[in-house]
Amino acid sequence: MSDSTPHQAKLFDPEPALAPWEQAAEADRHIADVVLNRPLETIYHYLVPNELRELIRPGQRVKVPFGRGDRLTVGYCVGVGTNVSTSRKLKSIAELVDREPLLSAEMLDLTRWIAERYLCTWGQVLETVVPAGVKKQAGTRMITMYQPAGDVCSRLDALKLPAKQLAVLHVLCKADGPLPVDEITLAANCGTSPLEGLRKKGLIEPIRMRSTVSADDGGPAVRESDLSLNSDQQQVLDRILDCIRGTAGGQWAVGSGQWASEMQLSTLNSPLSTPTHETFLLHGVTGSGKTEIYIRAIQEVVSYGREAIVLVPEISLTPQTIRRFRSRFDSVAVLHSHLSDAERHWHWQRIANGEVKVVVGARSAVFAPTPHLGIIVIDEEHEASFKQGSTPRYHAREVARERARRERIPLILGTATPTLESLLRTERGEDVMLSLPGRVNNRPMPPVVTVDVRNDPQIGRGHAIGRALQHGIQRALADDGQVILFLNLRGFSPVLWCWKCGGGVKCPNCDITLTWHKDRGRIVCHSCEYESPPPERCPHCEQPGLRYFGTGTQKLEQEVIAKFPGHTVVRMDSDSMRKPGSHDKALEAFRKGEVSILLGTQMIAKGLDFPNVTLVGVVDADTQLHQPDYRAAERTFQLIAQVAGRTGRGEKGGRVLVQTTSPDEPAIQFAASHDYNGFASRELAHRREAGYPPYTTLARVILRGESYEEVHETAKVMSKLLRTSKAAESHPNIRILGPAPAPIARLRGQHRFHLQIAAPDVQTIASLWSETLRTFEPQADVEFTVDIDPLDMR
């Protein structure tokens, strides 16, 4: 079954045609337009029973009979009318699921645009936009919580249980009281089966309690005054305020550029309150004071009675970031992945009621139901995490751009390393470039030294830290400074390798090598989470002597502890930071100076501001450089630049050491010299010559299934139809590549093929795709999806 094809509507027999008198009788009936969370593009029409006529509105969920068996299915009402051009007998809505609409008319329009832009169905978008906690009305009814039974906690060491069940018991025994299911499964990294098993064994007890929501989301913040701005910051802020106040062409302000306080709310929707939409690309080096610009612009918007949405990468939602906003605004909602359903529902209600003035959150916060939105800010706009990895595969930046355009409000995209797509828009005059070329207080950018480790004797002996980096760490610690070490590889060793036949140990479900996690004593697949004890013999040649090759954060931590005794070390990655609150606890200890060396993956690369960090070490700058992705150089540059920005923010200054085996790579050289413009100019020229984005729009079609032959054959059929449609539609500017096995040819037990479509714009791709789907008949066991503007090329 495809998650894109509309042809499945053919599975259902057409209803018998109505007689003329029946058509006349139905002429004054109320009819609801309903979409379903299925790969069906059809908008279905249902009769509204008399008892629901006064209650139903667009944006509510309804239960409708669907298909031959009239199975009750939840859908979304997207329109209500009195007439519809059909001669078929219509079925009736069975019931309303929601008393009030979950989505406004404006949000319904935006979600339809997302479906058209990203080639998925409207129902799939609506299902994603509304949080699960809102749909379940979480926090408004009794829920089941669990606690350990009797003296189980005192007998933990004696219990012989599966690993997941033991993990659940450890979580419950450490808790201060009963925990809900979602918190238990998150902390124990498991599903609900271990809970059911423990309950049947009598080792845990279910308790029915009313769910509670804590209003505290990061602790109390001390009120802070505005920071003084330098001339560059003031110039940038003035330009943004011009747009907000309407002096750049809009009419948001009243009278002489100021709102009269008594008119603020009454004129929010008047013809006078229509500001001009502009998108500002705020290009500021790390430490240049971009956040203060965001806050000042938001203060202006809030003073007019409007709200702001601030999107940041999930890994940047640190206590430091949250405190920064809470110290300046009275009502701030922070939306992140660790919220329970009840907490998310509580925030959603407060936002919709206008009780929240600033919404800070990750990707999905772009859909926050703010009643009078005044500005959207995206910090670290280059971050790949703003792209959704499953259907609907939207990019929050583009959704924010469209929402801001529709609501005629400013959009600020802030970053030290703009994406080439955003940069090109400013060069074409579509967006406005604003620059902060220097750090606040005239602090210099830290010197970046590239260290060629190809002939380093310590690296040759299997160490992760070479001589230069070890000496740099010793020097920083001797001067009472702190150190950040970055390595974007989890686990202990990323490869289990046979020295006799040269084969690696791969996941049985994926075309990926397994990673050795020493703390668990298991080899783990980072894609499907398969794990097992390490084999004693090579699975290929059956010879003993498998070796662990490469370095992950666990091995790096062990090496750092051994080389720098007497200094506290904390590792931050998704393995060590699973417990709720552990991320905040680690960063707070580092901020207080209780930790000397902080090491980890991408979660330490952004959003951190610690003045006492005098050395940043990039342990391996080559991890992304040689990936089969045309964005590899751009990502390498961004990563080095962002990590380097974590130092040199205090009076002591700082420096950066970058270990690499490719010191002559332009991306690394440009990053070492803090030369974004030089890198962007070179990379844009390369993209233009190769016909890659941002000069074209790219779509990637991924096909997957359990049978290699069926997937391969389906991919060839789709490729042929795409090329036929291209010829029929006379699209000479379209390029179709493939099909070919995906770089990860097997994932989660499914074989994968992909195709790429390059065209001048997304409308051309949409037209080609629609024409192809008219005649494409997928095999039942082969799924396919289309990804517009893909960031993950694996």
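**Exercise 1.** How many salt bridges does a search of the whole structure find?

*Solution.* Let's begin with the ground rules. This is a predicted model in which local features need pLDDT of at least 70 and side-chain atom pairs count only at pLDDT 80 or more, while totals for chains, interfaces and linings use all residues. Residues are numbered from 1 along each chain as its sequence is written, and side-chain values use heavy atoms, leaving out hydrogens and water. Next, the criterion: a salt bridge is a side-chain nitrogen of Lys or Arg within 4 Å of a carboxyl oxygen of Asp or Glu. With that, the search of the whole structure gives 47 salt bridges.

**Exercise 2.** Place the salt bridge of glutamate 559 in its helix.

*Solution.* Start with the partner: it is lysine 563, with the closest N and O atoms 2.8 Å apart. Now the helix (helices, H or I, of at least four residues, and strands, E, of at least two, are DSSP runs numbered from the N terminus). Because glutamate 559 and lysine 563 are four residues apart in helix H16 (residues 553-563), about one helical turn separates them. Finally, glutamate 559 is buried, at a relative accessible area of 11% (buried means under 20%, exposed over 50%, partly exposed in between, with a 1.4 Å probe and protein chains only).

**Exercise 3.** Which parts does the pair arginine 687 and glutamate 634 tie together?

*Solution.* First, the contact: the two side chains of arginine 687 and glutamate 634 form a salt bridge of 2.8 Å, N to O. Arginine 687 belongs to helix H20 (residues 676-690) and glutamate 634 to helix H18 (residues 632-644), so the pair links parts 53 residues apart in sequence. As for exposure, arginine 687 and glutamate 634 are both buried.

**Exercise 4.** Trace the salt bridge of glutamate 398 and arginine 401 into its network.

*Solution.* Here the N to O distance is 3.2 Å. Glutamate 398 and arginine 401 sit three residues apart in helix H12 (residues 396-407), about one turn of the helix. Both glutamate 398 and arginine 401 are buried. Then follow the shared partners: salt bridges join Glu381, Arg397, Glu398, Arg401, Arg425, Glu430 and Asp431 into one network.

**Exercise 5.** Is phenylalanine 549 buried or exposed?

*Solution.* Locate the residue first: phenylalanine 549 is in strand E22 (residues 546-549). Its relative accessible area is 55%, so phenylalanine 549 is exposed.
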